[in-house]
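Here are some friendly notes to read alongside the model. Have it open as you go, and follow the points in order.

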Protein chains: 4
Amino acid sequence: MNSIKLSKGELTKQRLLQSAAKEFAERGYHEAKISTIVSNVNLTQPSFYLYFKNKEAIFQELISHFRKQLIPFVERTYDIAKMPHDEVPQRIQIGLSHLFQFFASDPNLTKVAFYHSEQGEEFRLVMIEMMASIFKHYQEVGLIRSSLFIEVAAEGFIAMLDRFTYRIILTNERDIDTLAKQMSDTFFYGILAERKQN
Amino acid sequence: MNSIKLSKGELTKQRLLQSAAKEFAERGYHEAKISTIVSNVNLTQPSFYLYFKNKEAIFQELISHFRKQLIPFVERTYDIAKMPHDEVPQRIQIGLSHLFQFFASDPNLTKVAFYHSEQGEEFRLVMIEMMASIFKHYQEVGLIRSSLFIEVAAEGFIAMLDRFTYRIILTNERDIDTLAKQMSDTFFYGILAERKQN
Amino acid sequence: MNSIKLSKGELTKQRLLQSAAKEFAERGYHEAKISTIVSNVNLTQPSFYLYFKNKEAIFQELISHFRKQLIPFVERTYDIAKMPHDEVPQRIQIGLSHLFQFFASDPNLTKVAFYHSEQGEEFRLVMIEMMASIFKHYQEVGLIRSSLFIEVAAEGFIAMLDRFTYRIILTNERDIDTLAKQMSDTFFYGILAERKQN
Amino acid sequence: MNSIKLSKGELTKQRLLQSAAKEFAERGYHEAKISTIVSNVNLTQPSFYLYFKNKEAIFQELISHFRKQLIPFVERTYDIAKMPHDEVPQRIQIGLSHLFQFFASDPNLTKVAFYHSEQGEEFRLVMIEMMASIFKHYQEVGLIRSSLFIEVAAEGFIAMLDRFTYRIILTNERDIDTLAKQMSDTFFYGILAERKQN
DNA sequence: AATGAATGAGAATTCATTCAT
DNA sequence: AATGAATGAATTCTCATTCAT
């Protein structure tokens, strides 16, 4: 798909970014070695500096690329608040599934962004914000119970999302859609057999 | 309490461990510097090697200390399965609160163990195991709904626990008991206003 | 004057020499960067090597160009020895002024040649030689006092010339002719109010 | 003389400073290699950083050491202005000789300070200031001719001082006292046989 | 129980220079 | 006449670790 012709240099840069994502994902920022990044692409170290000012720069370029994809993704998700009410649970579940899919589509990048960058927390906060706003909306229209602590629920939701993302990235053991469904079910309905609100 | 007389050497070792926990917590394993660890305790670098074989050794000693406290703690929690049924939700909530308190009692150590060590995942898995076994028990006796996906629920519960632990450690902004209560509530009862199981 | 048509290549070469003079003058040989030299002329690095074998080569070409101008200049100055005696002081002063002007006409080149090249000392020695020979001549004909130490005087004269050249190059604050006059005056008549030779 | 017992570390530091002065004197700041500095003292590179923060730091320590010696030296020289008038020429000559001797006492350091540091010009300016103030004083009391251009003379004097210092440092060929005498003679009495002020 | 002095191994980065086009 | 892409060779600096005392 992305097969617009790239000049040799642009190609090399892409390959360096890929290699860096892998290296950063595996070892974290500080332990990642430029020598590894370049040798995985059959390049010498000085060539690296043809494309990036320094180690920090390639790292930030990765993060920035991730952000450029994540933020619009999140913003689109706000639209869930405009759906017909009876579809909402399913819509959230589908949204969740999409997020998982997005994260799984470039596991190295996701890992770097969430677990090896200082901006990781910022990304989480953005998502928590988003969930809180959705929850709040549906609480107002009565779809979500009034006794729910929105902030805690939103943060809890993202905590689960985060956790299962991590699992998906590390092991390909699970079917993403099923996972989204099961997590949603747990989160929507709670665990108790009969409701006896506190 | 821990005021059994320590020889000077033992005392120095304890101070090194404390200092190391702080340094590892703040910077992670690789970025942590022996020079910082010792200078915070007014010691020279060679002295460090009087007490620990190397950087890895003091790190493992911290982790091992954490494990020695965590595992029994977790094992005791299994007892929740023996409680009278109607107290269970509250019991879980109390257990959660205790865990939070334990983690908050030595934030540096907790941070190192969970977020800077390879064993962090192991600790999480132990806790997930525990929750799964508790949930399973109560599902069998009908306290927990039969449609719940135990594994997902257990992992989700620990994900939340993990997240809020992180928040507690970083910022002292919240009342732990309240947080435990709100998280439990969310988790037990879900978010929807009326139950319409999928 | 130099507007004989230059082929594009010759023009580029001239521009590189100019740019190099500036860069060498500002940073010295070792700190000067080829990358700066070429980028100031909107050229790429490989192009540099179309015109010069290496960094050393362009540097030597600058020095050699300077020498080609300086030596004849100096040789012409020997003619002062053939002047009518009563004009000599003024002639020397005029010669000095011309030298200053010559050096000021291409400050970058002068700076490189005198202060950033190993040949700088050679240039000074040539000028000292010249002054010594002039002084000697006039000492023989009685215009210069017999008690003067020719070598020291010649070297001292060039030392001053050197210093004021440096000032002129760095700051355009002074009127060159006036400076030449004041320096000559100092040098010809000494500083004391009444002569009481030692 | 300086044989107060130095600890091994202090000794090593001194030896590094010596070695650095030599290296900087021979090659200038940028071309000087830490590897050379340490290997001349049979040390490894990391040891260097035990004593100095970086290359810049050892350089500045040399310059600062030079300044600490030069400034008081210069200040003492102001006292020439308080001497009986008929001794002045000789006194200046003696002062000059002392300066030469001081510079010659640590040629490497002098070379670094004057010819390889950005502060070199500052040192020259201080000395020019000093000479100007002395000249001015003696012009006021009639010892120095009123037609002299003080600033130019002072700068010219230091230019000569500078030049002969350079010669002394590079080659041991001359007797310092004689040189001081000859330079003073040239400077005090000028070069012309009979005075015919312009 | 502790320190002064030193080092081996390695990392990022810079720069003149070349090759193929 | 000029460039895109790449590299070899250095160099500074950091850090865990050791040796001798």
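1. A term to begin with: a polar contact here is a pair of N or O atoms within 3.5 Å. By that cut-off, Ile34(B) has one with DNA strand F, since a backbone N or O atom of Ile34(B) lies 3.3 Å from a phosphate oxygen of the strand. Please keep in mind that this is a predicted model.

2. Let's look at chain A as a whole. Chain A has 9 helices and 0 strands, and from the N terminus on its elements run α-α-α-α-α-α-α-α-α. Along the principal axes, the C-alpha atoms of chain A fill a box of roughly 65 × 30 × 25 Å. Of its 198 residues, 47% count as buried. Among the contacts in chain A with a separation of 6 or more, 69% are between residues 24 or more positions apart.

3. Helix H1 of chain A deserves a moment of your time. It covers residues 8-31 and spans only 29 Å between its end C-alpha atoms, whereas a straight helix of 24 residues would span 34 Å. Where does H1(A) bend, and by how much? The bend is at Ala25(A) and amounts to about 85 degrees.

4. Now for the buried residues of that helix. Those of H1(A) include Thr12(A), Leu16(A), Leu17(A), Ala20(A), Phe24(A) and Tyr29(A). Ala25(A), where H1(A) bends by about 85 degrees, is also buried. What covers the buried residues of H1(A)? The cover includes helix H2 (34-39), helix H3 (45-51), helix H4 (55-77) and helix H6 (107-115) of chain A.

5. One residue you might pick out is Glu23(A), which sits in helix H1 of chain A. Is Glu23(A) buried or exposed? Glu23(A) counts as buried because its relative accessibility is 2%, and the cut-off for buried is under 20%. Leaving out residues up to four places away in sequence, Glu23(A) touches Gly28(A), Glu31(A), Ala32(A), Lys33(A), Thr36(A) and Ile37(A).

6. Next, how chains A and B are related. A rotation of 179 degrees with 0.0 Å of shift along its axis superposes chain A on chain B, with an RMSD of 0.2 Å. The two copies are therefore related as by a two-fold rotation axis. In chain A, the C-alpha nearest the axis belongs to Gly190(A), 1.8 Å from it. The same surface serves both copies, as 100% of the contact residues of chain A recur in chain B.

7. Chains C and D can be read in a similar way. A turn of 179 degrees and a shift of 0.0 Å along the axis lay chain D on chain C with an RMSD of 0.2 Å. Of the residues of chain D, Gly190(D) comes closest to the rotation axis, at 1.8 Å for its C-alpha. Here 98% of the contact residues of chain D recur in chain C, and the same surface serves both copies.

8. Some chains do not meet at all. Chain A and chain C do not touch, and their nearest C-alpha atoms are 13 Å apart. No contact joins chain A and chain D either, with their closest C-alpha atoms 21 Å apart.

9. Turn now to DNA strand E. Of the 35 residues around DNA strand E, those that come nearest are Lys33(A), Tyr51(B), Gln45(C), Gly9(D) and Tyr51(D). Of the atoms of DNA strand E within 4 Å of the protein, 63% belong to sugar or phosphate and the rest to bases. A polar side-chain atom of Tyr51(B) lies 2.5 Å from a phosphate oxygen of DNA strand E. For Ser47(D), a polar side-chain atom is 2.8 Å from a phosphate oxygen of this strand, and for Lys33(C) a side-chain N or O atom is 3.1 Å from one.

10. Last comes DNA strand F, where we began with Ile34(B). This strand is surrounded by 35 residues, the closest being Gly9(A), Pro46(A), Gln45(B), Tyr51(C) and Lys33(D). Two of these have phosphate contacts worth viewing. A polar backbone atom of Gly9(A) is 2.6 Å from a phosphate oxygen of DNA strand F, while for Tyr51(C) a polar side-chain atom lies 2.5 Å from a phosphate oxygen of the strand. The elements that give two or more residues to the surface near DNA strand F include H1 and H3 of chain A and H3 of chain B.

How values were computed
Residues numbered from 1 in each chain as written. Chains lettered and ligands numbered in written order. Predicted model: local features only at pLDDT ≥ 70, side-chain atom pairs only at ≥ 80, totals over all residues. Heavy atoms only, no water. Helix = DSSP H or I, 4+ residues; strand = E, 2+ residues; numbered from the N terminus. Expected span 1.5 Å × (residues − 1). Bend = angle between axes of the 7 residues up to and from the residue. Buried < 20%, exposed > 50% of the residue type's maximum accessible area, 1.4 Å probe, protein only. Contact = heavy atoms within 4.5 Å. Least-squares fit on C-alpha atoms with pLDDT ≥ 70 in both. Near = heavy atom within 4 Å. Polar contact = N/O pair within 3.5 Å; in protein donor to acceptor, adjacent residues only side chain to side chain.
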